[in-house]
Structure formats: C-alpha cells, structure tokens
Amino acid sequence: MSDPSLQRAVDGITWYHDFDFGHGLRAKSHLKNIEEIRPIWRFIEQQLDAIDFRGKSVLEIGTWDGYWSFEAERRGAARVLATDDLSQNWAAGDGIRLAKQLLRSNVEIRQDVSIYDLTGVGGPFDIILCLGVFYHLHDPLYAFTQLRHCCHGDSLVVLEGSVARSGLGHNTVQLFHSPWLEFLPSRSALHSLAQASYFSVSSYEWMRPQNLF
C-alpha cells in the first residue's frame, strides 16, 4: 500500500505522463485527450525495444516529467540527461523531480535547456531522444543542427512526431500558429531536413503508414 502523504504529493503535480511508482503509488496524466495519446506511448515503447540502451549515454530533449528518461535508465543506460525548457512547459516542472525521488533514480535533470541551444549540455551522447518535439518548433532545421552537435559518428537519434498524411506535396511543409502544432512536414520534407542537418536516416516506423509521401 502507498503512503497517503506520498499519494497526496503525487496528486498535487500536473502530470503529462502516467507513472506507476510501485506499491500502489500512481500518477495519472492530466491530458484531456489522454485516450488518444496512450496508444502513441505504447507505440514508442515498442520501438525502443529495438534499441540497446545498456551502458549507453542518453540525452532526452523536452523531457517534461521525465518518463522516457527514466525508461532509458530502466533499460540499462549508464548516464541519462533529461532536459527541458520550462518557459515552454505548461506545468511547473516539479513532476520529474518528484518522480526521480520516488524511483530512486540517477537521471540528471536540466530544466533550462532549449533545443535551440544545446552547446552547454556536454556530450556527445550515444542515444538522443527527441519525442513529441519537432512539430512544436518555429525553426526545426536549426534545432536539428543543434541535435547534430550532440552526436558522435555512431550516435542514434530517435525523432517522434507527426507528418502530413494528405494535402502536402513532395518536400513541402505547412506552418501553423497554435499551442500544439507549429510545423507539419511531408515525409519527404522531414527526410530532407534530417539530411540537411547531416543525419543519415536509417529507418522509419509509422503508426498509420498509408498515404504517406
């Protein structure tokens, strides 16, 4: 059974992710569309199964409450740096610190790091996780080049996000002005942006692959 005082502390946090801290202690996401988002998380977990985290150094960009950073640690990463920019975070940023305590984690936390300025995070890193970030960006090309500076020759960068399923042509993007979507590329445009940032694209995995271009 969980300590009631600990559960009250957990309940006082605005969580993005769900957490199971063990012994009956749980955190529930505050996302209004959580039933649409949970299948995406399951899909991400399935893709991470193909990556060997053991002994690796990991950088996560836009960690929020740290779920994927803690997952990398659980999968055997030797070092994990979880970064976020609190000026772009609608929660107070307390969740990751409480989760670190409850999980007895060694994940390093930096909450003053923008994807547009990664020069101070050290590295290079073996694995970089950038999940649910690129479609929020005003300048994705510059952000991708910042990611590239955190890599060595054999680094693996995992990008997750949305691409256009229809309505956009080859190598085109659409710009928006909303809190949840700024930038939507076609598949070919995303590929070209990655190559322009000196990445070699090794694979794609799609939740809904039909009609992609």
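**Serine 166, a sheet and a helix**

Mentor: Let's start with serine 166 in this predicted model: its relative accessible area is 59%.

Trainee: Okay, is serine 166 buried or exposed?

Mentor: Take that 59% relative accessible area. The cut-off for exposed is over 50%. Since 59% passes that mark, serine 166 counts as exposed.

Trainee: Where does serine 166 lie, and how many Å separate its C-alpha atom from that of serine 186?

Mentor: Look past E7 but before E8: serine 166 is in the loop between them. Along the chain, serine 166 and serine 186 are 20 residues apart. In space, their C-alpha atoms are separated by 8.4 Å.

Trainee: Now the sheet: which strands are at its edges?

Mentor: Strands of a sheet pair through backbone hydrogen bonds, either parallel or antiparallel. Here 5 strands make an open sheet with parallel pairing, ordered E5-E4-E3-E6-E7. An edge strand pairs on one side only, and that picks out E5 (108-110) and E7 (151-160).

Trainee: Which residue is the bridge partner of threonine 83 in E5?

Mentor: Strand E4 covers residues 79-83, and E4 pairs with E5 in the parallel sense over 3 bridges. Go to threonine 83 and cross over to E5. The partner there is arginine 110.

Trainee: What covers the buried residues of H6?

Mentor: Helix H6 runs over residues 187-196, and its buried residues include Leu190 and Leu193. Ser188, Ala189 and Ala194 are buried in H6 too. Their cover includes helix H5 (140-148), strand E8 (173-175) and strand E9 (183-185).

Trainee: Which residue just after H6 takes a positive phi?

Mentor: Step just past the helix and check the phi there. The value is about 70°, and the residue is tyrosine 198.

Definitions and conventions:
Residues numbered from 1 in each chain as written. Predicted model: local features only at pLDDT ≥ 70, side-chain atom pairs only at ≥ 80, totals over all residues. Heavy atoms only, no water. Pairing = 2+ DSSP bridges. Helix = DSSP H or I, 4+ residues; strand = E, 2+ residues; numbered from the N terminus. Buried < 20%, exposed > 50% of the residue type's maximum accessible area, 1.4 Å probe, protein only. Contact = heavy atoms within 4.5 Å.
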